[in-house]
Amino acid sequence: MPIFEDTGAALVGVFSLVMTLACYFGAKYAYDKYKFWWLSPIMLAPLGIVSLVLLLDIPLTSYFQFSQLLTLMLTPAVIAFAVPIYRERHLIAKYPLTLSIGVLVGLFLGLLSSWGLSKLVSLPPELSQSVLVRFVSTPFAMEATSSFGGLPELTAMLVLLTGVLGMLICEPIFRMAKINTSLGKGAALGASAHGVGAAKASEIGEEEGVVASLTMIFTGIAMVIMAPLFSLFLV
């Protein structure tokens, strides 16, 4: 009976959407309360969602039937980045050189390391093109990856992995490189590990978190603007 089959698939789709939102808000509540990095929504929510999808054997087509609507929120999320830029305008005026260097160095090293990785490991074309923007925040990465021929869904996963890795190894690297200033730590985390890095920077200190957020935003904007030009040399 196609009608009942369609109704069943729609119910699974609605359930998947509710489940996704519940995992996100549950992780957000836990992180706000306990402040452990592994409780952050970007860590805990995907683990919960994947576990439930596998446990309940939910087909991916049914999962994405309504959950796909959440990706439409990426566009207003990009526009919302204007709010912290306006709110922290005094910090931008105070440290224009630090922020500019952080963005330029982060953009250059992020692209160079991604391109080098794709050549060194000889990745498949879809993966090598998707990995190039892995170091900028998801809304910017999904917009910029099309210029390189990357796949937005694959890019989003690589962005997540890059952020988690950056968060885990940042403190040993700070000690080895003797990066002790709040500006240095914030700029490094924002430019290399995007939103996850900004969350980690906020744990380290308030100024680190603000600098990381601004560096993350400006690096993402620069990537979207420059991606068509970069693609001429890297693809």
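Domain bounds, as used here, come from an automatic or database domain assignment. In this predicted model, the protein is divided on that basis into domain 1, residues 1–58, and domain 2, residues 72–234. The centres of domain 1 and domain 2, taken over C-alpha atoms, are separated by 26 Å. Contact between the two involves 7 residues of domain 1 and 7 residues of domain 2.

An unreviewed UniProt entry annotates residues 6–27, 36–56, 62–83, 95–117, 154–174 and 210–234 as "transmembrane region". Two of these segments were examined for secondary structure in the model. The segment 95–117 is 96% helix and 0% strand, with its end C-alpha atoms 32 Å apart. The segment 154–174 is 100% helix and 0% strand, and here the distance between the end C-alpha atoms is 29 Å.

In domain 1, helix H1 comprises residues 2–34 and includes Ala27. Ala27 has a relative accessible area of 1% and is therefore classed as buried, the cut-off for this class being under 20%. Apart from its neighbours within four places in sequence, Ala27 is in contact with Leu39, Pro41, Leu44 and Ala45. Ala27 and Leu44 are 17 residues apart along the chain, and their C-alpha atoms are separated by 5.9 Å.

Helix H2 is made up of the 16 residues 41–56. At 1.5 Å a residue H2 should span 22 Å, and its end C-alpha atoms are 21 Å apart, so the two values agree. The buried residues of H2 include Pro41, Met43, Ala45, Ile49 and Val53. Of these, Pro41 and Ala45 are also among the contacts of Ala27. Asp57 follows H2 and has a positive phi, near 55 degrees.

Helix H12, residues 206–234, does not reach the span of a straight helix. H12 has 29 residues, and a straight helix would reach 42 Å at 1.5 Å a residue, but the end C-alpha atoms of H12 are only 37 Å apart. H12 bends by about 60 degrees at Ala227. A proline, Pro228, follows Ala227 within four residues.

H12 also contributes to the largest nonpolar core, which has 19 residues. Within this core the residues with the most contacts are Leu111, Val133, Val136, Phe148 and Met223. At least two residues of the core are supplied by each of helix H7 (96–121), helix H9 (138–148) and H12. H12 gives the largest share, 6 residues. As a general tendency, nonpolar side chains in soluble globular proteins are buried together.

Phe148 was considered further. With neighbours within four places in sequence left aside, Phe148 is in contact with Leu111, Gln129, Leu132, Val133, Met223, Ala227, Phe230, Ser231, Leu234 and Val235. This list includes Ala227, the residue at which H12 bends. In H9, Phe148 is buried, as are Pro139, Phe140, Ala141, Ala144 and Thr145. Gly149 follows H9 and has a positive phi, near 85 degrees.

Two serines of H7 were also considered, namely Ser114 and Ser118. Ser114 has a relative accessibility of 0% and so counts as buried. Beyond its neighbours within four places in sequence, Ser114 is in contact with Val131, Leu132, Arg134 and Phe135. The C-alpha atoms of Ser114 and Asp32 are separated by 33 Å, and these residues are 82 places apart along the chain. Ser118, at 8% relative accessibility, therefore also counts as buried. Its contacts, again leaving aside neighbours within four places in sequence, are Leu123, Ser128 and Val131. Val131 is thus listed for Ser118 and for Ser114.

Backbone angles were the last feature examined. Most residues other than glycine have a negative phi. Lys178 is not a glycine, yet it has a positive phi of about 55 degrees. Lys178 is found in the loop between helix H10 (152–177) and helix H11 (182–204). With a relative accessible area of 65%, Lys178 is classed as exposed, because the cut-off for this class is over 50%. His194, which is not a glycine either, has a positive phi of about 40 degrees. His194 is found in helix H11. Its relative accessibility is 3%, so His194 counts as buried.

Definitions and conventions:
Residues are numbered from 1 along each chain as its sequence is written. This is a predicted model: local features need pLDDT of at least 70, side-chain atom pairs count only at pLDDT 80 or more; totals for chains, interfaces and linings use all residues. Side-chain values use heavy atoms; hydrogens and water are left out. UniProt positions are given in the numbering used here, feature names are shortened, and annotations may be inferred rather than shown by experiment. The expected span of a helix is 1.5 Å times one less than its number of residues. The bend at a residue is the angle between axes fitted to the seven residues ending there and the seven starting there. A nonpolar core is a set of buried Ala, Val, Leu, Ile, Met, Phe, Trp, Tyr and Cys residues joined through side-chain atoms within 4.5 Å. Buried means under 20% relative accessible area, exposed over 50%, partly exposed in between (1.4 Å probe, protein chains only). Contact means heavy atoms within 4.5 Å.
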